[in-house]
Amino acid sequence: MNLLFAWRYFWSKKSTNAINIIAWISIAAIAVGSAALIIILSVFNGFEGLVKSLYVDFYADMRIVPAKGKTFLLNREQVAGIRATSGITTLGFIAEEKALLVNGELQTIVYIKGVDEQFTQLNKIAAHIKRGRFETGTTEAPTLVLGVGIENAIAADVTKKGYPLTLYMPNRQAARFGSADGLNAFNALAAGTFMVQQDFDNKYAFTNLAFLKYMLNMGPDEYSALELKINGDPDQIKTALQKQLGNDYTVETRYEQNRSLYAVMQMEKWVIYGILSLILIVAAFNMVGALTMLVLEKQKDIAILKALGANDQNIERIFLSEGLLLATVGGGAGIVLAIIICWLQMKYKLIKLGGDTFIIDYYPVQMMPTDFALVACTIMIIALLAAWIPSRKAGRDQLSLKS
């Protein structure tokens, strides 16, 4: 019954056109605000999904690192126990250290990562090779796979053979780092170049595990990390491995390897949601004005309803329903508009990104049901709060049928 009254008030002709105008302005404002909120959140989802996919291509499903220091020891029994753990399909041994990479007069600091033959099964780095191939060589003849940022920094050219790069690494057996034997040096050819995203492209270079362990004077069972490919619940596998290995080792899921990244992205999303919700709050002021004028317009109707036995709560519910009706019409229109715009962007890539340095040239969009539910709930809550003041006034006013 309350909704029926609200529907009739919504469509009925008012004695003052300003009431209709303000009502439709509030509907339009809610529609624009809800559409903007969904579109921006969907674009953010698109970028978030893209960034996460790039990190998935680079990082392994799970990683075991030392709890303290840079390296740890893993004997055969421990490795066998890890292999036997349910849900683990592939193991890759890693040695990693900072190094100075020199090409003539040009030089740059890199994170050199020694990997075994299982490495390309742990991630999709091989799919991001832009020039050359993913080949790390042997202990006697090492080759390097460089990020494009590193390649540019030292003007390396993987297509030209016979021009080796010089790799300088700390000598762990030297008495002092600053002494004459404080660094180990070795020449290596560049075999390929990868491009994933800037954080990786400007930082990492890959070579073979045996060569890097030789350069770092590491023992046969000594490693910097053990990377794993899993097929199962990460939390359960992590718990089993941590219990098996003890406190000297730290087991990290892919999320934990990039904890700061995921935390920042979630925070950014909530900040965007909060800022854009201000549009809906501004729209609510229009709704307050429209409902207040409607209450003044319908004073005689309110008096009649009270004379017929309606109490204050009945009157309040009628105008609360009116506010929810305005919000539903505006929010519904905004959601439909957002769906159309997002679909057009996903299908035809209408809005392009500026510049040509990113891996895609258009704004990515990913619509998520949770965003639609969040926006709908936000609209209803704001509408209820906006409609409460005029509806309470309508219910509490003492009105008379006399002129």
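# Briefing: strands, cores and cavities of a predicted model

Strand β1 (residues 249-253 belong to its partner, β12) is joined to β12 in the antiparallel sense through five bridges. The structure is a predicted model. The points below begin with the strands around β1, then take up the nonpolar cores, the pocket and the cavities, and close with one helix residue.

**Strand β1 and its partners**

- Within the pairing of β1 and β12, Met62 stands opposite Thr253 in β12.
- A further antiparallel pairing links β1 (residues 62-66) with β11, over three bridges.
- On the β11 side, Leu228 is the bridge partner of Met62.
- Because five of the five residues of β1 are buried, this strand is largely enclosed by the rest of the structure.
- Met62, Ile64 and Pro66 point one way from β1, while Arg63 and Val65 point the other way, and all are buried.

**Strand β11**

- Strand β11 spans residues 225-230 and is mostly covered, with five of its six residues buried.
- Besides its pairing with β1, β11 pairs with strand β3 (residues 88-103) in the antiparallel sense over six bridges.
- Ala225 in β11 has Ile94 standing opposite.

**Nonpolar cores**

- The largest nonpolar core comprises 41 residues, and the members with the most contacts inside it are Ile64, Leu74, Ile82 and Leu228.
- β3 gives the most to this core, namely six residues.
- Two of the residues with the most contacts lie in strands already described: Ile64 is a buried residue of β1, and Leu228 in β11 is the bridge partner of Met62.
- Leu74 touches Val79, Ile82, Phe93, Asp221, Tyr223, Leu226, Leu245 and Tyr249, when residues up to four places away in sequence are not counted.
- A second, separate core has 39 residues, among them Ala23, Ala29, Leu280 and Ala283.

**Largest pocket**

- The volume of the largest pocket is about 200 Å³.
- Its lining consists of Arg63, Val65, Pro66, Gly69, Lys70, Glu96, Glu97, Lys98, Tyr111 and Ser224.
- β1 and β3 each supply at least two residues of this lining.
- By class, the lining of the largest pocket holds five charged, three nonpolar and two polar residues.
- Arg63 and Val65, which point one way from β1, both line the largest pocket.

**Cavities**

- Rolling a probe the size of a water molecule over the atoms shows where empty space is left.
- The model contains two cavities of 30 Å³ or more.
- The second largest cavity encloses about 50 Å³ of space.
- Ile30, Leu280, Ala283, Ala284, Met287, Ile379, Ile382 and Ala383 line the second largest cavity.
- Two or more residues of this lining come from each of α10 (259-297) and α13 (369-396).
- α10 gives the most to the lining of the second largest cavity, with four residues.
- In the lining of the second largest cavity, eight residues are nonpolar, none is polar and none is charged.
- Leu280 and Ala283 line the second largest cavity and also belong to the second, separate core.

**Gly289 in helix α10**

- Helix α10 also contains Gly289.
- Gly289 has 25% relative accessibility and therefore counts as partly exposed, a class that lies between under 20% (buried) and over 50% (exposed).
- From C-alpha to C-alpha, Gly289 and Leu212 are 72 Å apart in space, and they are 77 residues apart in sequence.

Definitions and conventions:
Residues are numbered from 1 along each chain as its sequence is written. This is a predicted model: local features need pLDDT of at least 70, side-chain atom pairs count only at pLDDT 80 or more; totals for chains, interfaces and linings use all residues. Side-chain values use heavy atoms; hydrogens and water are left out. On a 1 Å grid over the protein atoms alone, a cavity is a set of points where a 1.4 Å probe fits but cannot get out, and a pocket is an open set with protein on both sides within 12 Å along at least five of seven lines; lining residues have an atom within 4 Å of a point. Grid points are joined across faces, edges and corners, and a volume is the space filled by probe spheres set on the points. Ala, Val, Leu, Ile, Met, Phe, Trp, Tyr, Cys and Pro count as nonpolar, Asp, Glu, Lys and Arg as charged, and the others, Gly among them, as polar. Buried means under 20% relative accessible area, exposed over 50%, partly exposed in between (1.4 Å probe, protein chains only). Two strands pair if DSSP finds at least two bridges between them. A nonpolar core is a set of buried Ala, Val, Leu, Ile, Met, Phe, Trp, Tyr and Cys residues joined through side-chain atoms within 4.5 Å. Contact means heavy atoms within 4.5 Å.
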